[in-house]
Amino acid sequence: GKGVIIQKEGNVSQALETGKMIEAEYRTPMAFHAYLEPMAALADVKSEGVNVWASTQAANRLRGAVAEAIQRDQEQITIHPVYLGGGFGRKIDEIAAVEAARLSQAASRPVQVAMNRPEDFRTGFVRPPTHNILRASLGNNGNILAIDHQASSGEVAFPFLPSFLSTVLGADFGSYRGAILYYAVPNKQTTAWLAELPISTGWWRGLGLMPNTFAVESFIDELAFASNQDPLDLRLRYLPDDESGQRVRNALLTAAERANWGGSLPDGHAHGLAMSYDYGTIMVEIAEISIEDNQIRVHKVTAVADPGLVINPDGVEAQTQGAITMGLSSTLLEEVVIKDGVLQASNFNQYPLLRNADAPDIEVVVLSSRDTPSGVGEPPIGPIPAAVANAVFSATGQRLRQLPLKLG
């Protein structure tokens, strides 16, 4: 395909020719949304009007899709959104409601369409696979001279937008979310690549934030190790000299203090750190892990959330806990496998999720740092894979660069 440069500062190609070269590749697999309740909708199509009850994340979009499917004016259609039962991007899809409306129109009576789990798993879209390549050059004193980031993904946002926008925008903003290099390195460049895949891909909680943050924040730790620096100190050293940098610094130091970064831990335990700055929201997460029977066990995650102006601290805490839990499930377990052209998993016995017994304690510290609020539903999912992978390296010396994380 064709790469689109989405970030460029300094002269990366020239700077990469000097100093010590560090290079690493990271991959994430496809993933299901795996929510509690599969797709379902009830439609009642009558001459005087149409009523649709649906589990939807996009009521206006659904209204338009139903109107087009049954050739009615949108003003005649009323959408009644019901409790989601989980969505995470998948329930922007209109398939159940459109089928119910078509059948109701044909039968002249109310019709409910409810997918079973195999139908839901195998007829929707999935989180796209990703492949990230990062290269950096280090000076003799451990300075980062340059970072080059090549981020490749399947489509995320483009399938749900008017087709002309893909030409106008060039790069899929959903797939490269989280790929922009935040740290104040003098020479840095990020290139977004979009792969055409023979399977439907799209929205998944955080879009590209989790896969791209996994790559970038794992690589920052690799640079810290290569230059014999503490991962926290390296991040603090390369923060921008602006308001966001001050906010990130405060979040990093708060997390380090609450987790006792650099202090004593139980035998066999280790810490890993990762952060993200996403749409104005800062997330810092420190994972405490151990290795039990060659399996990764996450005991605690200390999370500091700074979404600007905090409106509802309890809501911030709940969203952070939920996003970390979902992200940790993807970090340790989840992977969509295709064999002979078929998605192999049809139910949870073939697609395990993180269970309560394996869920860590999650401590959330909420900071309110400015006069405007930003989002919390997705940003906390970004750092958790890198935090765990960095902790595994600290504990074992193994650098895991592919999700789900598996020890060799």
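In this predicted model, an open sheet of 4 strands follows the order β10-β11-β12-β15, and the pairing within it is mixed. Its edges are formed by β10, covering residues 270-278, and by β15, covering residues 361-366, each of which pairs on one side only. On average, and with direction ignored, neighbouring strands of this sheet are turned by 20° against each other.

The pairing at the β10 edge can be followed residue by residue. Strand β11, residues 281-292, runs antiparallel to β10, and the two are joined by 9 bridges; within this pairing, His271 has Glu288 of β11 as its bridge partner. As a general matter, strands of a sheet pair through backbone hydrogen bonds, in either a parallel or an antiparallel manner.

A helix accompanies this sheet. Helix α8, made up of residues 243-259, lies across β10, β11, β12 (295-306) and β15, and it runs at about 30° to β11.

Earlier in the sequence, strand β7 offers a second place to trace strand pairing. Strand β7, residues 130-138, is joined by 9 bridges to strand β2, residues 20-28, and these two strands run antiparallel; here Tyr26 has its bridge partner in β7, namely Asn132. Strand β7 is also joined to strand β8, residues 144-153, again by 9 bridges and again in an antiparallel arrangement, and in this case the bridge partner of Thr130 is Ser153 of β8. The hairpin of β7 and β8 has 5 residues between the strands, and in this hairpin Gly142 takes a positive phi near 85°.

The last part of this walk concerns two helices. Helix α6, residues 209-226, packs with helix α10, residues 384-396, at an angle of about 30°, and their axes are 8 Å apart. Because angles under 35 degrees count as roughly parallel, this packing makes α6 roughly parallel to α10. The crossing in which α6 passes α10 is right-handed.

Which residues of α6 and α10 make the contact? From α6 come Met210, Thr213, Phe214, Glu217, Ser218, Asp221 and Phe225, while α10 supplies Pro385, Ala386, Ala389, Asn390 and Phe393. Sorted by class, the contact of α6 with α10 has 7 nonpolar, 3 polar and 2 charged residues, with Phe214 of α6 and Phe393 of α10 among the nonpolar ones, and with Glu217 and Asp221 of α6 as the charged ones.

Note on methods: Residues are numbered from 1 along each chain as its sequence is written. This is a predicted model: local features need pLDDT of at least 70, side-chain atom pairs count only at pLDDT 80 or more; totals for chains, interfaces and linings use all residues. Side-chain values use heavy atoms; hydrogens and water are left out. Two strands pair if DSSP finds at least two bridges between them. Axes are lines fitted to C-alpha atoms, for helices over the stretch in contact, and angles run from 0 to 180 degrees between N-to-C directions. Contact means heavy atoms within 4.5 Å. Angles under 35 degrees count as roughly parallel, over 145 as roughly antiparallel, 65 to 115 as roughly perpendicular and the rest as oblique. A crossing is left-handed if the near helix is turned anticlockwise from the far one by less than a right angle, and right-handed if clockwise.
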